[in-house]
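Subject: The structure for you to look at

Hi,

Here is the structure I promised to pass on. Please open it alongside this email, and take your time with it.

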Amino acid sequence: MTATLERFRCMACGHEFQEVVQEDEDKERTCPRCRSNSIRKLKKAAEPAE
Amino acid sequence: MTTESTNGGLRVGVFVCDCGSNIAGVVDCAAVAEYAKTLPDVVCVVRNRYTCAEPGQNEIRQAIRQHHLNRVVVASCTPRQHEPTFRQCVLEAGLNPYLMEMANLREHCSWVHQADRAAATAKAMDLVASAVGKARLLQPQEEMSVQVTRTALVIGGGVTGIEAALELAESGHKVVLVEKQPSIGGIMAQLDKTYPTMDCSI
Amino acid sequence: MGNFTVTIRKKARYVDPGLCNACAECAKVCPVVTPDEYQMGLSSRRAIYIPFPQAVPSSYVLDMEHCLGNNPVACGKCAEACEKKAISFDDRDQIVTREVGTVVVAIGAEVYDPTEMDDYGYTRFENVITSMEFERLICAGGPTEGHFVRPSDQRQPKRIGFVQCVGSRNPRMGRPWCSNICCMNTVKDTLLLADHYPDTRSVVFYQDIRAFGKSFEDMFQRSKEAGVRYVRGLPGEIHEDPRTHHLIVTVENTTSGKLERHELDMVVLSVGLQPPADLRKISSLLTLSKTSDGFFMEAHPKLRPVDAPTRGVYFAGMCESPKDIKDSVCQAGAAASRAGALLNAGKVTIEAITSRIDEAACTSCGVCVRVCPFGAIQWTKGTPAVVVEAMCAGCGSCAAQCKPGAITMRHFTDEQIVAQVRATLAQRPEEKVFVFACNWCSYAGADMAGISRMQYPASNRVVRTMCSARVSEEMVLEAFRCGAPVVLVSGCHYADCHYINANRQTVKRVQSMWAKLEKAGVRPERLQLEWISAAEGQKFAKVMRQLDELRRTVTPEEIERSRKAFKPKVRRAAAEAATAAPVPGTAT
C-alpha cells in the first residue's frame, strides 16, 4: 500500500493543508481549521512523501 | 376556490396547513394560499388548521373528489413524519399515493425563522412553488412486491449465531446454520467462567 | 431482497457424525501429535480428535492436514480401531445449495495476537501469556485440569500482573477502538484467582477501567476489596530475570506520577478483539459496508442497529463491534426478531423509487454498474444494462452518472428535480442559497434544527433527494443557470451513508465540478459540500448562516456569468417537453 502527501484546500474558509493519503483509504475530509467538508483536493503535492 | 384548469388535464390541489400556530404563528398562511392559486395548474387551494388531523384529511379527500384533483400538494411539515399519512389519505380518495408531494413549512421554515415573518413567508411561497413544480411531473407508481423464501441463513455458530438460530427456529422458521469449524461454540466455548455471573461458558 | 441462493461448502469430516459415539478409541491409536487449538496450543491433540468434550456435533473429526495419509493409506489405524466403522478416508467436501429469504451475519471477531508488540515479550518470555491462554489455564477442562501454573516451571504463581488494552485503544498501531470486554474479563480473572488461590497478589495496569454494565461496578469493587491493586498506567516494557524467569514490569503510575517497578511471577496480556479475517469476504458477498475500525456497519447506529444496509440482512454479535455475551445474546434476539418479521410477512413491498433504464437510450457504457453500491445492475458489454428492482435501493447514483440520460429514478426524476430548482429560483434568485439535502441525514438534520428551534437566516431553499449521490452535475448547473449565488450539496457522513458508500460518488462529482466551475470563470467556492447527520441540527444552522454570508459576497456580475457559463444539455428540451405535456394521473 502506497501513501502520498496530498494538498487540500478548504472551499469554505480558504485554509490550505497537507495530509498523507493512503492509496485505498476511504476517509471523510474535514477542514482542520473551520470543520467544513468542502475540501478540494489540489492537483499536486508540494513535496513528495517520504 | 376553484379555477379552470389551464393545461391538459393537470389538476393540482394545494393544502396549506396552519399547524395551529406552529406555522401560522410565523408564516402568513393566507398570503401563501393566495400565492398558491397563481401557480400553474393549481385548481384548488385549501387552508387547514391541522391538515394531518381527521378533519384536515377529510378536506383533502373531499377536494380530490369535488375538484377531480389528480395531484396533491400538502404544505405542512416534514415528509419524514407525515408522508405516509398523506399518501394513505390520497389513496383513500382514489389517487395513486405517489401523486402527493409535500412542502415543509414547519421544520424548515416557521420553526427556524421565528423572528422574520416576511422572509419566512417568502420562503414558504418558494417551498410551495417547488412542491407544485414537482407535483406537476409526478407519475403514478406501483410498488413491487417480492415473495420471501421462508428460510433463514445464520452465518457463524458462536454464541450469537446459536442464539439467533434458536430464536428463529423457536418461532417456527426453518434455519440453516453455517459454521466453518468442526464444532459450534466459537470463542465462548474456550472461556472458563464468564462475567458478571461467574458461571461456566458451556 | 427476500431471496438469496446460498452455496455452502460442507467440509469433509472423514468421520460420520451419525455413527461416531465419541468412544475415543481412534485417538488412542493415532500416532500424530499436534498442538490443540482449543487449548490455545498449551497441550496437544491427535490428528483424529474431538474439538472439545461438549462439541456439537458430538463426533470426532479427522484433520486431514496432519493425518499421515489416506491415499494410499499409510496408516489407517483409526479406521481399524473404530468399531462403528464411522471413519472413511474417501469422504469429500460437498457443495450444498440452499434458498433462503434472510441472512443473519454472526461471524464474530478474532482475538488479537500480541506477537508484534515485542516490548511485552510475549514470544520471548514463557511466563507472559494472553488472557485467552489464562482462560485455558484456569479451566478445570484445560490442559492443567484447572491447576493454575506458570509455563516456565509448572509452579503456581503468587504475583500476577494484568496489562490492559493490548491491541486496543492504540491509534498508533491503527487499533483505536475499545475492545469492550477486556476490562471486565480481567476483573473476572482477578476474582477467580482471589477465590481459587487466596495467597496470590494481582496487580492490574490500565488506562481506564470501563465497568459500565449492569452489576459490573459491583464486580470491580469486589475485586478491589479482594486486595487486587489497580495501577493507572500501561507498562512501556517487560523484562525477564533469566535465572528465575520472574518478570520485571516498569510502569509510570499516572495517578501518583511516580515510576513503579513490579517483580511478578506471571503477566497476562489482556488482548483485544479485531474484525475476523473472513469479514471482507462476507462483506463483498452481501454488499455490506464497514466502519473505519473494520467491523460491519449497521443501517443506522441508533434506530436500526441490527439491520445491514442491504435489506433482508441482519448483524448480530461481535462482527458489528466487540461486545460481551449478554450484548451478543441481546443482538442475536434482535436480529432473529427482525429476520423473523420478514419471514412472517412472506412478502415485502419496495418503495417505488427504484431506478429504471431505458434500453433504447442506454449506450452500454457500464458506468452505472460501477457506481451502484448494491450491485443491482446487470450488464454485459454491448447490451443495455438492466436494473434488478428487488436489489435497487433507489439512491440514484446511477442516474446522476448516466451520460445519455437513459436512467429514470422513479419519483425523483431529473425533470422533477430540475422543475423544483426552477420553481424555487424563479424570483429573486440572488437572495437564495440553494440546498440539495439527502433524505436520511441532511434533510433530517434540517428537521432537527427545526425541532430544536435553532434560528438561521431564511435565505436557503432545500430540495430533497434520497441520497446526495442523486444530485447530478446538470442539477447543480441548472441552479447556477437560474441565478443561484450559492449551491450546497449535503449528505450523510461517510459512516452514515444509507446507500453503503454512494456519497463517495458525491465527493467525486463535486471535486470535478469545482474544476469545471473554475474553468468556466465561476468562483468554485460558490459550490459547497457538507456532511450533516440527522442529529446535527446545530451544524445545519451553522452552515446556513455561513452560506448566507457567502451568498452576500457574490456580485451581480458573478451571478450573470454563472447564468450564462453553462450551456444546457439537450435533455433540458426533453424536460421542457415533459413540463408542457404531462401525463394525467389516475384520479377516479
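Below is a short tour of what was found, starting with one interface and moving on to single residues. Please keep in mind that this is a predicted model.

**Where chains C and B meet**

A good place to begin is the interface of chain C and chain B. The size of an interface is often given as the accessible area lost when the parts come together. Here chain C and chain B bury about 8300 Å² between them, and carbon and sulfur atoms account for 59% of that area. On the side of chain C, the residues that lose the most area to chain B are I325(C), L343(C) and H411(C); together they make up 8% of what that side buries. In terms of residues, chain C brings 116 to the contact and chain B brings 86.

What holds charged and polar groups together across this boundary? The rule finds five salt bridges between chain C and chain B, and 45 residue pairs in polar contact, with both residues at pLDDT 80 or more. Which part of chain C gives the largest share of the side that touches chain B? That is helix α7 of chain C, residues 325–345, with 12 residues. By type, the residues on this side of chain C divide into 67 nonpolar, 28 polar and 21 charged. For a salt bridge to look up, try D278(C) and K180(B), whose closest N and O atoms are 3.0 Å apart.

The two chains also share a strand pairing. Strand β6 of chain B (residues 151–155) runs parallel to strand β7 of chain C (residues 102–105), and four bridges join them. If you want to find the pairing on screen, look for L153(B), whose bridge partner in β7(C) is V103(C).

**Chain A and its links to chain C**

Chain A has 50 residues, of which 32% are buried. How many helices and strands does chain A have? There are zero helices and three strands, so to speak a plain β-β-β pattern when read along the sequence. Among contacts in chain A between residues at least 6 apart in sequence, 38% join residues at least 24 apart.

Where does chain A meet chain C through a salt bridge? One of these pairs is R40(A) and E518(C), with 2.9 Å from N to O. R40(A) lies in strand β3 of chain A (residues 39–41) and E518(C) in helix α13 of chain C (residues 503–519), so this pair joins two chains. R40(A) is buried, at a relative accessible area of 10%, whereas E518(C) is partly exposed, at 45%.

Another residue to visit is E530(C), in strand β27 of chain C (residues 527–531). Is E530(C) buried or exposed? E530(C) has a relative accessible area of 3%, so it counts as buried. The side chain of E530(C) makes a polar contact with the side chain of S36(A), at 2.6 Å. Leaving out residues up to four places away in sequence, E530(C) touches residues of chain A including R35(A), N37(A) and S38(A), and residues of chain C including L488(C), K539(C) and V543(C).

**Inside chain C**

Helix α10 of chain C (residues 414–424) has 10 of its 11 residues buried, so this helix is largely enclosed by the rest of the structure. Among the buried residues of α10(C) are D414(C), Q420(C) and R422(C), along with I417(C), V418(C) and V421(C).

**Salt bridges elsewhere**

Side chains of opposite charge can pair when their charged atoms come close. Over all chains, a search of the whole structure finds 54 salt bridges. One of them links D93(C) to R9(C), with the closest N and O atoms 3.2 Å apart. D93(C) lies in the loop between α2 (77–81) and β6 (94–100) of chain C, and R9(C) in strand β1 (residues 4–10) of chain C, so the pair ties together parts that are 84 residues apart in sequence. D93(C) is partly exposed at 37% relative accessibility, and R9(C) is exposed at 53%.

E474(C) and R481(C) form another salt bridge, with their closest N and O atoms 3.3 Å apart. In this pair E474(C) is partly exposed, at 22% relative accessibility, while R481(C) is buried, at 8%. Finally, salt bridges that share partners join R7(A), R9(A), E16(A) and E525(C) into one network.

Enjoy exploring!

Best wishes

Terms used: Residues numbered from 1 in each chain as written. Chains lettered and ligands numbered in written order. Predicted model: local features only at pLDDT ≥ 70, side-chain atom pairs only at ≥ 80, totals over all residues. Heavy atoms only, no water. Contact = heavy atoms within 4.5 Å. Buried area = accessible area lost by both parts, 1.4 Å probe. Salt bridge = Lys/Arg side-chain N within 4 Å of Asp/Glu carboxyl O. Polar contact = N/O pair within 3.5 Å; in protein donor to acceptor, adjacent residues only side chain to side chain. Nonpolar A, V, L, I, M, F, W, Y, C, P; charged D, E, K, R; others polar. Pairing = 2+ DSSP bridges. Buried < 20%, exposed > 50% of the residue type's maximum accessible area, 1.4 Å probe, protein only.
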